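Please open the structure in a viewer with the ligand displayed. The tour below proposes a series of selections and states what is found at each.

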Amino acid sequence: MSELNPFKIAQAQFDEAAERLGLDDGMREFLRWPMREYKVTLPVRMDDGKFKIFHGYRVQYNSSRGPTKGGLRWHPDETIDTVRALAAWMTWKTAVVDIPLGGGKGGITCNPKELSAGEQERLARGYMRAVARLLGVTKDVPAPDVYTNPQIMAWMMDEYETIVMESHPGVITGKPLTLGGSQGRGDATARGGVICVREAGKILNIDWDNATYAVQGFGNAGQFGATIHKELLGNSKFVAASDSRGGIYCAAGMDPHEVVKYKLEKGTLQGYPGTEPISNAELLELEVDVLYPSALENAITDENAARVKAKMLCELANGPTTPEADEILYDKGVVILPDFMANAGGVTVSYFEQVQNSYNYYWPLKLVRERLDEKMTDAFHAVWKMAESEKVHMRLAAYLVSVQRVAQASRDRGWV
Ligand code: NAD
């Protein structure tokens with residue numbers, strides 16, 4: 001696709017689903033745009049005593065199914081259009097897993113790697129002061145995203161509670177366990193993806209004892225993807241992994257826990273015993289049963305899609321496959337478990353966190369995992385059924401399921 005503006009891509013993906021669903025013009029135009037968006041200007045006193053001005057955003061894309069929900073991204077390239085796109089995808093994500101929430105997203109244009117802890121705290125608290133009036137458990141609930149973390153969530157929650165002078169842990173999710181975070185939130189994204197793989201494997205009759213898998217992008221999502229695949233799908237062989245510096249390959253299979261330990265200790269995968277080096281491009285083209293793209297956007301494009309030999313792609317990353325690549329892979333018979341379904345486990349457990357905060361009673365890990373499993377399994381089968389009946393690829397099927405749900409809620413409210 002020549003247009004790389006993420007919001008334009010999100011609108012184009014939506015348009016295709018709206019066309020197929022035969023939505024009327026009013027509904028189409030309504031769902032193509034965020035319902036509310038806010039821009040805030042944030043002065044922060046830096047460690048050198050001078051003020052620096054940051055620009056922040058909060059977009060509440062659609063609240064027909066419930067209060068909006070979505071992460072806060074701190075990134076130098078953050079723009080209103082990135083936030084709009086991510087807020088749209090959150091709307092479809094909460095709908096596909098059928099949790100009673102809408103979609104939102106926020107961000108601050110900044111480079112957190114250049115900020116001291118004190119500067120980060122003042123920025124987090126300043127952002128919360130600027131948007132507190134927009135947030136709340138019945139309005140809009142942020143969470144971590146790229147370059148934000150439980151500590152930043154904790155500062156923001158504390159600032160919000162200071163402003164409203166009440167306890168409101170559910171105003172933000174992804175908090176530390178000490179402040180009302182949920183058990184099982186850390187690995188929920190990857191666990192949700194592997195549950196989708198497991199369900200697809202039942203339909204496709206994959207013999208996991210003789211299967212192989214590879215992980216592109218060995219960060220947070222990818223590392224948990226590797227270990228949870230082993231936990232849930234037994235004797236599959238973990239044959240390759242990569243990070244930004246390159247990859248490693250071992251036909252006989254590696255122990256994912258040992259590889260994670262190595263990566264955390266050494267900061268790299270290179271030199272892991274018993275493996276040979278492999279490039280990122282080669283990893284994407286390996287003949288494996290499951291490939292987990294878990295790095296960044298646009299990893300699989302019209303340039304390399306024809307050479308992808310994986311039987312299944314489980315997109316733990318957001319946007320790793322371009323629309324042109326989708327078509328090529330579909331024609332080749334590759335099953336794609338699309339990002340906003342495959343990585344929806346994170347927001348699902350964030351929702352569980354809100355629920356637990358609301359009744360101030362906390363679930364054991366086992367219960368969180370059972371409920372996550374139920375949500376992801378249902379989402380997978382709803383999308384699979386749609387793909388079969390409409391004869392479309394899984395990404396479009398996921399859009400059809402979600403857009404239908406959001407449109408129906410908007411209609412039921414009498415909005416459009
Ligand atoms: P992360 O920064 O922890 O990990 C990213 C990894 O990708 C790093 O190891 C990096 O070295 C590697 N990488 C970068 N460029 C690469 C390349 N060209 N080839 C191979 N590896 C490369 O980030 P994360 O939290 O794991 O997020 C990864 C993706 O998953 C993002 O798209 C994110 O939006 C998505 N995601 C993550 C979560 C979550 O809970 N962590 C939830 C939903 C979606």
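Select the ligand together with Asn280: a nitrogen atom of the ligand is 3.2 Å from an N or O atom in the side chain of Asn280. The model is a predicted one, and every distance in this tour is computed from it.

Add Ala221 and Leu316 to the selection. At Ala221, a polar backbone atom is 2.8 Å from an oxygen atom of the ligand. At Leu316, a polar backbone atom likewise has an oxygen atom of the ligand at a distance of 3.3 Å. If a surface is now drawn, consider the cover of the ligand: on its own the ligand has 830 Å² of accessible area, and the protein covers 70% of this.

Next, widen the selection to the shell around the ligand. Two elements give two or more residues to this shell, namely α7 (220–233) and β7 (237–243). The shell holds 18 residues, of which Thr189, Asn220, Ala221, Ser244 and Asn318 come nearest to the ligand. Coloured by residue class, the shell divides into 11 polar residues, six nonpolar and one charged.

Move now to strand β4 (residues 103–109) and select Lys105. Is Lys105 buried or exposed? Its relative accessible area is 5%, so Lys105 is buried. Display Asp145 as well: the side chains of Lys105 and Asp145 make a polar contact at 3.1 Å. Beyond residues up to four places away in sequence, Lys105 touches Arg58, Val59, Gly70, Gly71, Val83, Leu86, Ala87, Met90 and Asp145.

The aromatic residues are the next stop. The structure holds 14 aromatic pairs. Select Phe30 and Trp415, whose ring centres are 6.0 Å apart; their planes stand at 75 degrees, so the pair is edge-to-face. This pair links distant parts of the chain, for Phe30 is in helix α2 (residues 25–31) and Trp415 is in the segment after α14 (394–412), 385 residues apart. Phe30 counts as partly exposed because its relative accessibility is 23%, and Trp415, at 36%, also counts as partly exposed.

Turn then to Tyr61 and Trp92. The centres of their rings are 6.3 Å apart and the planes are at 70 degrees, so this pair too is edge-to-face. Which parts of the chain does the pair tie together? Tyr61 lies in strand β2 (residues 51–62) and Trp92 in helix α3 (residues 80–96), so the linked parts are 31 residues apart in sequence. Tyr61 is buried at 3% relative accessibility, and Trp92 is buried with a relative accessible area of 1%. Extend the selection to Phe14, Phe340 and Tyr399, which ring pairs link with Tyr61 and Trp92 into a cluster.

For the last stop, select Ala214 in strand β6 (residues 212–216). Ala214 has a relative accessible area of 0% and is therefore buried. Which residues are in contact with Ala214, leaving aside its neighbours within four places in sequence? They are Ala240, Leu283, Leu286, Val288, Val290, Leu291 and Tyr292. Finally, place a distance marker between the C-alpha atoms of Ala214 and Pro338: these residues are 124 residues apart along the chain, and the two atoms are separated by 17 Å.

Terms used
Residues numbered from 1 in each chain as written. Predicted model: local features only at pLDDT ≥ 70, side-chain atom pairs only at ≥ 80, totals over all residues. Heavy atoms only, no water. Near = heavy atom within 4 Å. Polar contact = N/O pair within 3.5 Å; in protein donor to acceptor, adjacent residues only side chain to side chain. Areas by Shrake-Rupley, 256 points an atom, 1.4 Å probe, with all protein chains shown as cover. Helix = DSSP H or I, 4+ residues; strand = E, 2+ residues; numbered from the N terminus. Nonpolar A, V, L, I, M, F, W, Y, C, P; charged D, E, K, R; others polar. Buried < 20%, exposed > 50% of the residue type's maximum accessible area, 1.4 Å probe, protein only. Contact = heavy atoms within 4.5 Å. Phe/Tyr/Trp six-rings, centres within 6.5 Å; stacked < 30°, edge-to-face > 60°.
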